[in-house]
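Open the structure in your viewer and keep the selection tool handy. We will go from stop to stop, and each stop tells you what to select and what you will find there.

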Amino acid sequence: MTVGAARTSTEDEWPATLSVQTLLEQGWRPTPFREFVLKIHSRCNLACDYCYMYEMADQSWRRQPRRMSRGTLDRTAARIAEHARSNDLSRIGVVLHGGEPLLAGPEHIRYAVEAVNSAVDSRTSVSFHLQTNGVLLDSVYLKLFDELDIFVSVSLDGDEDDHDRHRRRAGGRGSHGDVMSGLDRLTAPAYRRLFSGLLSTIDLRNDPVSTYEALVAHRPPAVDFLLPHGNWDTPPPGRGDDDATPYGDWLIAIFERWYRTPVRETRVRLFSEIIRLLLGRPSHSESIGLSPVAVAVVETDGSIEQVDTLKSAYDGAAHTDLHVGRDTFDAALMLPAMAARQIGRRALADACTACPVHRVCGGGLYTHRYRSGTGFANPSVYCRDLFHLVTHVRNAVSQDVEAYRRKASSSKEGAG
């Protein structure tokens, strides 16, 4: 994907024009943040060519400190604890992120976890997660994670050829072998309990079923397939203006392999969330459904930001003027850009609200809706793909529900 042009002003683009005061007068109330993403290191030891942090529109990482200082960690921990107390939160999640968070070093990771645990009082339980490329996963880190109960997700795009097409070192060497070594250590009996799943970015050139089977071979508890970040100004690879649904087709091939197997091999989050929504339950994912997004990001310099994938849209898209040294997370909830992620159907474009699957699709990932001039008040650039996928899953689930009802009815009549 090409790097998008920097924007000089977005004052007339939605959601800058959204009035939080009007929302409050109408009875809306913000949902407190329940997940805090800490960018403990702003650089990476890989040079993935699709990375939204380093290869796309927002290049603010160049101005960030390499590592979040201990002072910033202390202030961040205090703000998290303050937010949990003021909103009476019984549990929260903290994600250690980057860049590549393992570059921060084991002692710094220990300090981050202990700072949060010390600040948050006993009424709130804290779960810690870490997202890594897996290259640096060794026994030192795994012993630390085991001691501190840090759960680990690893990025993996399939077999060696598929993975190394994008996930390379700066010199061009692939990372698959190093990731496999890290995964082998993580999935060994001593540490498997820490393994929370795999994240895989979709490449249409990769065979979908082969990709799924390469991932499921590691027996992950969950797999997250990620659509490449793009928008209407900078479309993702293979996503044109025609009626084709290449990403929907790719995901449906995996859905059929996953859904029809006699024994469920793993949880594929996107499919599980679609099924939840079809059955009338709320979504647990920001990528689909209309549930409020309750995630805040803290950069290495202590800036409070929106979800970091927005950096793919334009320069400054994730930025706020808030900082943990002077501002509360409650203040962040009052920003129009944060409120826009929490108002459900009211944040959708007219074309979305007229769509029969909008309560399931939810307009798609907010990041993928951007178009210069109108901002995020658009359908997803993946609109056709999502409609195709959701309707396919709906039909499969409906057929199974109907078959179950017929079987139950026949058994009842037989018993009578």
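## First stop: helix 9 and its end

Start by selecting Gly280: just after helix 9, this residue takes a positive phi of about 90°. Keep in mind along the way that this is a predicted model.

Now extend the selection back to helix 9 itself, residues 269–278. How many of its 10 residues are buried? The count is 8, so "mostly covered" is a fair description, with buried meaning under 20% relative accessible area. Colour them one by one if you like: Leu270, Phe271, Ser272, Glu273, Ile274, Ile275, Arg276 and Leu277. The list includes Glu273 and Arg276 as well as Leu270 and Ile274.

## Second stop: the sheet

Next, show the strands. You should find an open sheet of 9 strands, with mixed pairing and the order 7-6-5-4-3-2-1-8-9. Which strands sit at the edges? They are strand 7 (267–268) and strand 9 (304–305), each of which pairs on one side only.

Select strand 9 together with strand 8, residues 295–298. These two run antiparallel and are joined by 2 bridges. To see one partner pair, pick Val298 and look across to Ile304 in strand 9.

While you are here, select Glu299, in the loop between strand 8 and strand 9. Is Glu299 buried or exposed? Its relative accessibility is 3%, so Glu299 counts as buried. Add Leu38 to the selection: the C-alpha atoms of Glu299 and Leu38 are 6.5 Å apart, although 261 residues separate the two in sequence.

## Third stop: strand 5 and its neighbours

Move along the sheet to strand 5, residues 195–201. This strand is mostly covered, with 5 of its 7 residues buried. When you turn on side chains, remember that in a regular strand they alternate between the two faces of the sheet.

Strand 5 has strand 4 (residues 150–155) as a parallel partner, over 4 bridges. Select Val152 and you will find Phe195 of strand 5 standing opposite. Strand 5 is also joined to strand 6 (residues 222–226) by 4 bridges, and these two run parallel as well. Here the pair to pick is Ser200 and its bridge partner in strand 6, Phe225.

Now add helix 7, residues 208–216. Together, strand 5, helix 7 and strand 6 make a right-handed β-α-β unit.

## Fourth stop: two helix pairs

Two packed helices are described by the angle between their axes and the distance between the axes. Keep helix 7 selected and add helix 8, residues 246–259. The two pack at an angle of about 50°, and their axes are 8 Å apart. Helix 7 and helix 8 are therefore oblique to each other. Their crossing is right-handed.

For the other pair, select helix 2 (residues 70–86) and helix 3 (residues 106–119), whose axes come within 8 Å and cross at roughly 30°. That makes helix 2 roughly parallel to helix 3. This crossing is right-handed too.

## Fifth stop: backbone details

A few backbone spots deserve a look at the torsion angles. Begin in the segment before helix 1 (20–25), where Pro15 lies. The peptide bond joining Trp14 and Pro15 is cis, with omega about 15°. Then go to Gly99, in the loop between strand 2 (91–97) and helix 3. Another cis peptide bond joins Gly98 and Gly99, again with omega about 15°.

Next come two aspartates. Asp88 is in the loop between helix 2 and strand 2, and its phi is near 55°, a positive value in a residue other than glycine. Asp88 is exposed, with a relative accessible area of 64%. Asp149 lies in the loop between helix 4 (139–148) and strand 4. Asp149 also has a positive phi, of about 60°, although it is not a glycine. With a relative accessible area of 36%, Asp149 is partly exposed.

## Last stop: the annotated region

Finally, select residues 30–264, the range that an unreviewed UniProt entry annotates as "domain: Radical SAM core". Over this range the chain is 34% helix and 16% strand. Draw a distance between the end C-alpha atoms of the selection, and you should get 37 Å.

Note on methods: Residues numbered from 1 in each chain as written. Predicted model: local features only at pLDDT ≥ 70, side-chain atom pairs only at ≥ 80, totals over all residues. Heavy atoms only, no water. Buried < 20%, exposed > 50% of the residue type's maximum accessible area, 1.4 Å probe, protein only. Pairing = 2+ DSSP bridges. Right-handed = clockwise from strand over helix to strand, strands pointing away. UniProt positions renumbered as here; feature names shortened; annotations may be inferred. Axes fitted to C-alpha atoms, helices over the stretch in contact; angles between N-to-C directions. Parallel < 35°, antiparallel > 145°, perpendicular 65-115°, else oblique. Left-handed = near helix turned anticlockwise from the far one by under 90°.
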